[in-house]
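Here are my notes on this model, as numbered points. Please read them with the structure open.

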Amino acid sequence: MKAAVFPSKIASLGLPSGHRCALFFRSPPALPSSFSTTPCRKLARGIRGSEGFMSQSSSSSQLFSSLSNSFSSQSESELPQVQLPSPKPKSPPPQLPWLIVGLGNPGKKYQGTRHNVGFEMVDALAEAEGISMNTVNFKALFGKGVIGNIPIMLAKPQTFMNASGESVGQIVSFYKIPLKQVLVIYDDLDLPFGKLRLLPKGGHGGHNGMRSIIDRLKGSRDFPRLRIGIGRPPGKMDTANYVLRQFNKQEQEELDYTFQTGLEAIRIMLLEGFNKSATFVNTQKSMQQLS
């Protein structure tokens, strides 16, 4: 393509001496020898000014970067620490107590008799755990304590055997104790003397004290019981006379061994669970069987 014709008017323009700039096209025409190609000074200054601006911008960036690095290089210990309030741990729900009831008849007349082994078992537990049983409440001799970290209440109803439910029903209702945490200890004619049996529930088996308790608990039988064997009366002895009969020296020694086994069974039940306690009790041999 041919070079564009340089307009005569533009060509005739005069630029001040020393400030004329060469104008280039794709194919520049030949310029007269008198036309100077010295670069424009103002343009040169403009370029230098732009370089200066870029230089200043670069310096500013370096300064900002230096400050940022200086701030980020500070150790965490030098930075202000914001303490957030720690959440309060939730307290566990209160542990409901166990109620351990021993059945028997009040008064010196019945002390040490077969029908009162429930009372004696509770007395042995109170002595072993340091629990006072001097309070009379809910128609019972009453005491509170702990085994491990488990709160317990001990009761010996003073209503006589056949009305034991009056006392037990009041305690269960007042403290809202789950029936699975109500252990009743009583004598059992159908077990060999000194033998223990721990069951999670069951009927009264003809025992008047248990019958009264079941009636007061609205017919519910779903509470554990620890039965203590007293054996059958010898010969043709009347059952009522037999259960009110006191133990001889040999029987009392064997019964003390039974109470120690019962204490361990109760501790296992409270601290390790019913099933483990039942396995321990129901496979345990009496002193008579061991001899």
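1. Overall make-up. Of the 291 residues in the chain, 36% are buried. This is a predicted model. The chain's secondary structure comes to 9 helices and 7 strands. Take the contacts between residues at least 6 apart in sequence: 68% of these join residues at least 24 apart.

2. The sheet. The 7 strands form an open sheet with mixed pairing. Their order is β2-β3-β4-β1-β5-β7-β6. At the edges sit β2 (135-137) and β6 (196-199), each paired on one side only. From one strand to the next, the twist averages 25°.

3. Strand β5 and its partners. β5 covers residues 182-188 and β7 covers residues 225-229. The two run parallel and are joined by 5 bridges. One of the bridge pairs matches D188 with G229 of β7. On the β1 side, β1 and β5 also run parallel, with 4 bridges between them. There, V101 has V184 of β5 as its bridge partner.

4. Is β5 enclosed or open to the outside? Count the residues: 7 of the 7 in β5 are buried. The strand is therefore largely enclosed by the rest of the structure.

5. Helices on the sheet. Two helices deserve a look here. β5 and β7 are parallel neighbours joined by 5 bridges, and α4 packs on the sheet, where it touches β1 (98-102), β3 (140-147), β4 (150-157) and β5. The direction of α4 makes about 155° with that of β4. α7 packs on the sheet as well, touching β1, β3, β4, β5, β6 and β7. The direction of α7 makes about 60° with that of β3.

6. S167 in α4. Helix α4 spans residues 164-175 and includes S167. What is the relative accessible area of S167? The value is 0%, so S167 is buried. Leaving out residues up to four places away in sequence, S167 touches F138, K139, A140 and P157.

7. Helix α5. This helix runs over residues 208-216. Its buried residues are G209, M210, S212, I213 and I214. They pack against α4, β5 and β7. Just after α5, K218 takes a positive phi of about 60°. That residue is worth a glance in the backbone trace.

8. R227 in β7. R227 lies in strand β7. Is R227 buried or exposed? Its relative accessibility is 15%, and the cut-off for buried is under 20%, so R227 counts as buried. Neighbours within four places in sequence aside, R227 is in contact with Y186, D188, L191, K195, L196, R197 and L199. D190 is 37 residues from R227 along the chain, and their C-alpha atoms are separated by 9.6 Å.

9. α7 against α8. Two packed helices are described by the angle between their axes and the distance between the axes. For α7 (residues 249-272) and α8 (residues 274-282), the angle is about 160° and the axes are 7 Å apart. That makes α7 roughly antiparallel to α8, because angles over 145 degrees count as such. The crossing of these two helices is right-handed. On the α7 side, the contact uses T261, E264, A265, I268, M269 and E272. On the α8 side, it uses F274, K276, S277, F280 and V281. By type, the contact residues divide into 6 nonpolar, 2 polar and 3 charged.

10. α3 against α7. Helix α3 (residues 117-129) packs on α7 at an angle of about 60°, with the axes 10 Å apart. The two helices are therefore oblique to each other. α3 passes α7 in a right-handed crossing. From α3, the contact takes V117, E120, M121, A124, L125, A128 and E129. From α7, it takes Q252, L255, F259, G262, L263, I266 and R267. These contact residues divide into 9 nonpolar, 2 polar and 3 charged.

11. Where to look again. α7 is a useful place to start: this helix packs on the sheet, meets α8 and packs with α3. After that, turn to β5, where 7 of the 7 residues are buried.

Key
Residues are numbered from 1 along each chain as its sequence is written. This is a predicted model: local features need pLDDT of at least 70, side-chain atom pairs count only at pLDDT 80 or more; totals for chains, interfaces and linings use all residues. Side-chain values use heavy atoms; hydrogens and water are left out. Buried means under 20% relative accessible area, exposed over 50%, partly exposed in between (1.4 Å probe, protein chains only). Contact means heavy atoms within 4.5 Å. Axes are lines fitted to C-alpha atoms, for helices over the stretch in contact, and angles run from 0 to 180 degrees between N-to-C directions. Angles under 35 degrees count as roughly parallel, over 145 as roughly antiparallel, 65 to 115 as roughly perpendicular and the rest as oblique. A crossing is left-handed if the near helix is turned anticlockwise from the far one by less than a right angle, and right-handed if clockwise. Ala, Val, Leu, Ile, Met, Phe, Trp, Tyr, Cys and Pro count as nonpolar, Asp, Glu, Lys and Arg as charged, and the others, Gly among them, as polar. Two strands pair if DSSP finds at least two bridges between them.
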